[in-house]
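Trainee: Could we go through this structure together? I would like to begin with the strands and then turn to the interior.

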Amino acid sequence: MARPDLSASPAARALAVVAVVGLALAVVALTVLALQRDTSLDPAAATPAPVPSFSFRGSDTPPPSATPSDAPPLPATSGAGERFLAQSSEGTLWRATAGACDGQEPLVERSDDAGQTWTDVTPRYRGIERVRALYGFSGTEAEMVVDLAGCEPEWLRTFTQGNFWELYPELLEQATYPSLDAPAVLVTPGGDVPLPCPAPSSIRIGSQQTALVCDGVPQVRVGSAPWTPLPVDQVVAVDVLGRSTAVARVDPEACADGLALAWIDDDAAVTPAGCLDAADPAVPTAVAALDDILIVWSGERVETFTR
């Protein structure tokens, strides 16, 4: 008797389909387990690495924090160590450091030998705290705008070569001088005048013009006219003489390793006046402009240049 063909029956076909499906599911399950195992062993495969970011910069453009190695030193700024230099009509030299209220004491000195030696004539008995301006007076005398006790401005003048200093409140009322409370303001008899930058240095008031330095650039003001920049930069000190301005500045072409001195006339013409060799532009410096000479005080040196 022949055996029956079970594969041809409906039950057989159903069993075959179930078997195939079960086998397929088993294969899928094993594959997933294998992938999970590989991921757990390789954290980098589990979390994609972030895409790198790039900043494209031209080859001639340095990073923001880079400073060219041949950049000149920054000019000295105003502060307690700022310097003043003046000469009275008979040749006596006067110099001072600014000092600070409730801080560093100012120093006022006199020289009778062209800056070779100096005598301390600081009016400490007056309670001096700060020097705002220094001028040579007639003969061998001088006068100053200072802050005394309580940081109150006063005008001092000496007729005894600095041994004694007298108060002149009436002269202060007529004076123009830097404000203490607002560094960017000039006090004048006609009211406060705004200065052209927030932190000016080397402010010098003359009979015909006022000069100062803003970020290394000197600016002048004649009368009530607007402030006018002069055609030089890297200036560390200025002084005024009539409508002329004397400057000490960093200028490698004129002075390779020191301070270049120059006069700038009212038509903006620049005339070289000499070179103070081996002078450090980063230390406080002062210049005094006179009819035929320019005197420089930088570091421990005081030198004179003929115009």
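Mentor: Certainly. This is a predicted model. One open sheet has 4 strands in the order β16-β17-β18-β19, and the pairing is antiparallel.

Trainee: Which are the edge strands?

Mentor: They are β16, residues 235-241, and β19, residues 270-277, each of which pairs on one side only. On average, neighbouring strands of this sheet are turned by 20 degrees against each other, with direction ignored.

Trainee: How many bridges join β16 to β17?

Mentor: There are 6 bridges between β16 and β17, the latter covering residues 244-249, and the two strands run antiparallel. Within that pair, A237 stands opposite A248 of β17.

Trainee: Turning to the interior, which residues of the largest nonpolar core touch the most other members?

Mentor: That core has 16 residues, and those touching the most other members are V108, V131, L134, M144, V146 and W165. At least two residues of this core come from each of β1 (83-87), β2 (93-97), β5 (130-136) and β6 (142-148). The largest share, 4 residues, is supplied by β6.

Trainee: What does W165 touch?

Mentor: Leaving aside residues up to four places away in sequence, W165 touches, among others, W94, V108, V121, M144 and L156. Its contacts also include R126, E143 and R157.

Trainee: And which residues does the second core include?

Mentor: The second core is separate and has 15 residues, including A248, L259, L261 and W263. A248 is also the residue that stands opposite A237.

Definitions and conventions: Residues numbered from 1 in each chain as written. Predicted model: local features only at pLDDT ≥ 70, side-chain atom pairs only at ≥ 80, totals over all residues. Heavy atoms only, no water. Pairing = 2+ DSSP bridges. Axes fitted to C-alpha atoms, helices over the stretch in contact; angles between N-to-C directions. Core = buried A, V, L, I, M, F, W, Y, C linked by side-chain atoms within 4.5 Å. Buried < 20%, exposed > 50% of the residue type's maximum accessible area, 1.4 Å probe, protein only. Contact = heavy atoms within 4.5 Å.
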